[in-house]
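Student: Could we go through this structure together? I would like to learn how each label is earned.

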Amino acid sequence: MSTDIQLRRDAFGKLVFTGDDGVDVVGVVPVRAFPIQAPTRGISLVRDGGKEVAWIDDLANASEQVRSLVTEELEGREFIPEILHITDVSSFATPCTWFVKTDRGETQFVLKVDEDIRRVGEASLLIADNHGINFLVRDMFRIDKHSRKILDRFL
């Protein structure tokens with residue numbers, strides 16, 4: 001079904017899905033089924049009320065236009081910086097301040113309690129800061145040794 005999807009933006013910037021019947025559905029929103037484990041696979045296009053109007057098995061198989069529009073829309077709604085390196089922590093007791101390098105630059109955040117670090121699958125972690133922003137460690141087994149040592153103290 002991925003290759004047959006007709007998607008465009010209207011004059012107001014909303015995504016418009018055109019079904020096989022030629023009917024336009026204005027304001028569709030892409031939703032990832034597996035945002036961390038398989039971010040380009042299993043994307044649902046839903047209209048108001050959450051009703052699915054289309055399914056994209058794999059974004060890589062979609063047309064360039066559909067791939068571009070869906071990626072642009074997802075990036076505009078999702079904000080999960082990926083931690084690439086943990087430079088330091090202020091303490092190994094919570095609350096503490098973490099100093100990290102992410103895919104969006106260097107930052108710091110406060111970890112309130114150990115329970116704000118959640119496992120997602122076998123190797124990924126979501127770390128919520130004191131403002132509710134989630135940071136992703138995509139693979140805790142492949143992160144550098146220094147960062148892994150810090151993570152081990154909190155897990």
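Tutor: Gladly! Let us start with two aromatic residues: W98 is buried, and F109 is buried as well. Keep in mind that this is a predicted model.

Student: Why is the pair of W98 and F109 called stacked?

Tutor: The ring centres of F92 and F154 come later; for W98 and F109 the centres are 5.7 Å apart and the planes are at 25 degrees. Ring centres within 6.5 Å make a pair, and planes under 30 degrees apart count as stacked. Therefore W98 and F109 form a stacked pair.

Student: What parts of the chain does this pair link?

Tutor: W98 sits in strand β8 and F109 in strand β9 (residues 105-111), and the two are eleven residues apart.

Student: How many aromatic pairs does a search of the whole structure find?

Tutor: The search finds four. One of them joins F92 and F154, with ring centres 5.9 Å apart and planes at 45 degrees.

Student: Why is the pair of F92 and F154 called tilted?

Tutor: Stacked needs planes under 30 degrees apart and edge-to-face needs over 60. The planes of F92 and F154 are at 45 degrees, so this pair is tilted.

Student: What makes this pair a tie between separate parts of the chain?

Tutor: F92 lies in the loop between β7 (83-89) and β8, while F154 belongs to helix α2 (residues 145-154). These parts are 62 residues apart in sequence, so the pair ties them together.

Student: Are F92 and F154 buried, partly exposed or exposed, and how do you know?

Tutor: Buried means under 20% relative accessible area, exposed means over 50%, and partly exposed is in between. F154 has 6%, so F154 is buried. F92 has 39%, so F92 counts as partly exposed.

Student: Which residues form the aromatic cluster?

Tutor: One cluster is formed by F92, W98, F109, F135 and F154.

Student: Let us stay with strand β8. Why is T102 called buried?

Tutor: T102 is found in strand β8 (residues 96-102). Its relative accessible area is 5%, and the cut-off for buried is under 20%, so T102 is buried.

Student: What makes the reach of T102's side chain to R104 and G105 a matter of polar contacts?

Tutor: A polar contact asks for N or O atoms within 3.5 Å. The side chain of T102 reaches the backbone nitrogen of R104 at 3.0 Å, and the backbone oxygen of G105 at 2.8 Å. Both values meet that distance cut-off.

Student: Which residues does T102 touch further along the sequence?

Tutor: Leaving out residues up to four places away, T102 touches P81, E82, I83, L84, T107 and F135.

Student: Back to the loop between β7 and β8. Why does A93 count as partly exposed?

Tutor: A93 is in that loop. Its relative accessible area is 45%, which falls between the 20% and 50% limits, so A93 is partly exposed.

Student: How do you know that the bond joining T94 and P95 is cis?

Tutor: Its omega is about 0 degrees, and the bond is a cis peptide bond. P95 is in the loop between β7 and β8 too. As background, most peptide bonds are trans.

Student: Why is G132 called exposed, while V29 is called partly exposed?

Tutor: G132, in the loop between β11 (124-128) and β12 (134-137), has 54% relative accessibility, so G132 counts as exposed. V29, in strand β4 (residues 29-32), has 25%, so V29 is partly exposed. The cut-off for exposed is over 50%.

Student: Which residues is V29 in contact with, leaving aside neighbours within four places in sequence?

Tutor: They are S44, L45, V46 and R77.

Student: What lines the largest pocket?

Tutor: The largest pocket has a volume of about 420 Å³. Of its 16 lining residues, the closest to the centre are R32, P35, P39, E78 and R138. The lining divides into seven nonpolar, two polar and seven charged residues. Helix α1 (residues 64-77) gives the most to this lining, with three residues.

Key:
Residues are numbered from 1 along each chain as its sequence is written. This is a predicted model: local features need pLDDT of at least 70, side-chain atom pairs count only at pLDDT 80 or more; totals for chains, interfaces and linings use all residues. Side-chain values use heavy atoms; hydrogens and water are left out. On a 1 Å grid over the protein atoms alone, a cavity is a set of points where a 1.4 Å probe fits but cannot get out, and a pocket is an open set with protein on both sides within 12 Å along at least five of seven lines; lining residues have an atom within 4 Å of a point. Grid points are joined across faces, edges and corners, and a volume is the space filled by probe spheres set on the points. Helices (H or I, at least four residues) and strands (E, at least two) are DSSP runs, numbered from the N terminus. Ala, Val, Leu, Ile, Met, Phe, Trp, Tyr, Cys and Pro count as nonpolar, Asp, Glu, Lys and Arg as charged, and the others, Gly among them, as polar. Buried means under 20% relative accessible area, exposed over 50%, partly exposed in between (1.4 Å probe, protein chains only). A polar contact is a pair of N or O atoms within 3.5 Å; within protein, one must be able to donate a hydrogen and the other to accept it, and residues adjacent in sequence count only if both atoms are side-chain atoms. Contact means heavy atoms within 4.5 Å. Rings of Phe, Tyr and Trp (its six-membered ring) pair if their centres lie within 6.5 Å; planes under 30 degrees apart count as stacked, over 60 as edge-to-face and the rest as tilted.
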